[in-house]
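Open the model in your viewer and follow the stops below in order. Each stop says what to select and what is found there.

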Amino acid sequence: MKMKQTGGRRKRRLCVPAFLLLFTTTALLAGTGLFFLSLRFVDPTTGMSLPAVNDWKESVVYDRVPVEVNTSVGGDLRFENEFEKNQAKSHSSCATVEQMGKVFTGVYWNESLRVRSLIRDHFLLHGAPTLRKLPPEKFCKQSFVLAKASEAGFGNEMYKILTGAALSVMLKRSLIIGQTRGKFPFGDYILYTNFSLTIKEVKHLWRWNDCLGKYRRRLIMRIDDFERPAETNVLCSNWRRWKQPIIWFQGTTDAVAAQFFLKNVQRQMRIAASALFGSPEHLQSRPNAYGELMRFIVSPSADVEEAVNWALNGGPDPHIAVHMRMLMSRSPRAVKAAVTCIKKAVNRNCPHVARPRVVLVSDTPFIIKDIASQLQDFAEVLHFDYELFKGNISGSKAKKMRQLDFRVKDWGPAPRWVAFVDFFLASRARYAVVTGAQRRVGTTYAQLIAAMAAASHPPGWDYNGDTNFSLFSSFQNNLLYEGLRNQVGWGHVWNRFAGPLGCRHQPSQCALTPVIPPAWWDAPWQSPIPRDIRRMESYGIKLTSSGKVDVDHLQSFCKSRKNVLKTIPISRRCSGLSC
């Protein structure tokens, strides 16, 4: 055994010099080769494999842009210059939120005024005053759309009313606004147009004109639920041919549902939807459809109007309105970004105003104080302080209507009625609305403030030839860490830009924003997230990664699907006033 061990050690010692010799020889040869190679000129045409410009990882080049920048009144100038340099170098196919917002610079007033006339003419022809005067043979041929809402979140519920109104215009039907136990939704704070009807009045007129007895037409309501993709007919059916006297389009809690008709397979429905909402490909010239509808349909109650005038304190309407949805968070980044965005809005839309009036609205009281303290040097700050107001709406009954505990984080600690005063106060803004948030920017509440404000003032243009009213979105940098991927939810205005075309790791920005939120992905820089691609599949829509709709697939889906018909009777099986 010892001899074997000794022999093994001797054998290993004999192998060491050979190994060193081999290593030395290899190193000399490699060094010589590199020396001669360095004497040659590098061929400039040598092929190199570069990353594809449409690769999502291409946006990593912006990780080197400093996040903390010195923001000025005009915006993040250092970032914009750095972005343009990096974009030129990398040929990147992604964009910042401000670059996406440039799509919305354009003149949409002409289209909005056209829609205003369309809405007015529709209600003059199909409104309640006209219907009440019709003889039985004409009245019993009339059809209606029901717009019904509860009293949950104001933005979502108001979109239910506005969607019903939009559908009444598209289908040329009269508008019914639903009531609950004899009360309109938010009826203590909002007044509704006299051109609408109630179910109670329609039932009375139906009996008065004996539509069932003389014309054999029963008062039936057809229900289509947008939130049930397998059952809704929003993309496949021609609703203008439906024979039921009343239609209720249910579950329409945002700006998207009514715009689905823009892709309906029936040409007549697409034309009707385009007349109201414009073309989804041209975001810069789309009309302010929801603002014009709201302007015609709703107005503040006398008590709310009193509170708004108290907040204005005898002065003119505010120039700028700011809405911050902070969910009880006190974010210094959000405050800093919002103040910069307010300055940008002032400089862009009302530079001629020496000391603009800025109204602040938020669910988080201390955010208002933080922003106000940074605006007082150049602006007159307005805010409705409900604790100081002693009007009718703030009486003993209203004081008892405190916010429910589980709603405090969502809606803030103020009584419910304050949200309506804030809404109608902010919608008085003459030049711009700025919206910011802790998580998702451009809520339905902020959208409707901007839409109402844009429709409430006469049209005009600024010095650059653009419309003199704008909606701005204030983004702090942590919201843009992964681009706009976190702006999920169809109710949020930036959802259709949440796909891979948004650059990652962007600094804080202030972006122009569409007054009417887009529902499709047809315009530049729009791209869907996988979650929305899957959701659209349930409606029969096959989207490409860039958001284009496969029309052939939709046609095939509509031909193969089962037609869903859900109706309920509104009146009993009898006729005449004795019914």
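Select Leu512 to begin; in this predicted model Leu512 belongs to strand S12, residues 509–513. Its relative accessibility is 14%, so Leu512 counts as buried. Now add Gly101 to the selection: Leu512 and Gly101 are 411 residues apart along the chain, yet their C-alpha atoms are separated by 4.5 Å. Leaving aside residues up to four places away in sequence, Leu512 touches Gly101, Phe104, Thr105, Arg348, Ser470, Leu471, Phe472 and Trp494.

Zoom out to the whole chain. The protein chain has 21 helices and 13 strands, and 54% of its 579 residues count as buried. Among contacts with a separation of 6 or more, 78% are between residues 24 or more positions apart.

Next, select helix H12, residues 289–297. Seven of its nine residues are buried, so H12 is largely enclosed by the rest of the structure. The buried residues of H12 are Ala289, Tyr290, Gly291, Glu292, Leu293, Met294 and Ile297.

Move on to Val298, in strand S6 (residues 298–300). With 5% relative accessibility, Val298 counts as buried. Measure from Val298 to Ile161 in the viewer: the C-alpha atoms are 9.8 Å apart in space, and the two residues are 137 apart in sequence. Beyond residues up to four places away in sequence, Val298 touches Met158, Ile190, Leu191, Tyr192 and Met452.

Met158 leads to the next stop, the largest nonpolar core. Which of its 99 residues touch the most other members? They are Met158, Phe260, Phe277, Phe384 and Trp520. Helix H7 gives the most to this core, with 11 residues. A second, separate core has 28 residues, including Ala338, Ala345, Val358 and Ala372. In soluble globular proteins, nonpolar side chains tend to be buried together.

Return to Trp520 and show its neighbours. Not counting residues up to four places away in sequence, Trp520 touches Leu235, Gln259, Phe260, Leu262, Lys263, Arg496, Gln526, Met536, Ile541 and Val549. One of these, Lys263, lies over the face of Trp520, 5.7 Å from the ring centre. Trp520 also belongs to a cluster linked by ring pairs, together with Phe226, Trp239, Trp242, Phe249, Phe260, Phe261, Trp490, Trp521 and Tyr539. Within that cluster, select Trp490. Over the ring of Trp490 sits the charged end of Arg535, 3.6 Å from the ring centre.

Aromatic pairs come to a count of 36. For one of them, select Phe154 and Phe186: the pair is edge-to-face, with 5.7 Å centre to centre and 65 degrees between the planes. Phe154 is in helix H7 (residues 154–171), whereas Phe186 is in the loop between strand S2 (174–177) and strand S3 (190–192). The pair links distant parts of the chain, 32 residues apart. Are these two residues buried or exposed? Both Phe154 and Phe186 are buried.

For the last stop, select helix H18 (residues 416–426) and helix H19 (residues 444–456). Their axes are 8 Å apart, and the helices pack at an angle of about 40 degrees. That angle makes H18 oblique to H19. On the H18 side, the contact is made by Ala419, Asp422, Phe423, Phe424 and Ala426. Facing them from H19 are Tyr445, Leu448, Ile449, Met452 and Ala453. Met452 also appeared at an earlier stop, as a residue touched by Val298.

Definitions and conventions. Residues are numbered from 1 along each chain as its sequence is written. This is a predicted model: local features need pLDDT of at least 70, side-chain atom pairs count only at pLDDT 80 or more; totals for chains, interfaces and linings use all residues. Side-chain values use heavy atoms; hydrogens and water are left out. Rings of Phe, Tyr and Trp (its six-membered ring) pair if their centres lie within 6.5 Å; planes under 30 degrees apart count as stacked, over 60 as edge-to-face and the rest as tilted. Helices (H or I, at least four residues) and strands (E, at least two) are DSSP runs, numbered from the N terminus. Buried means under 20% relative accessible area, exposed over 50%, partly exposed in between (1.4 Å probe, protein chains only). A charge sits over a ring if NZ of Lys or CZ of Arg is within 6 Å of the ring centre and within 35 degrees of the ring normal. A nonpolar core is a set of buried Ala, Val, Leu, Ile, Met, Phe, Trp, Tyr and Cys residues joined through side-chain atoms within 4.5 Å. Contact means heavy atoms within 4.5 Å. Axes are lines fitted to C-alpha atoms, for helices over the stretch in contact, and angles run from 0 to 180 degrees between N-to-C directions. Angles under 35 degrees count as roughly parallel, over 145 as roughly antiparallel, 65 to 115 as roughly perpendicular and the rest as oblique.
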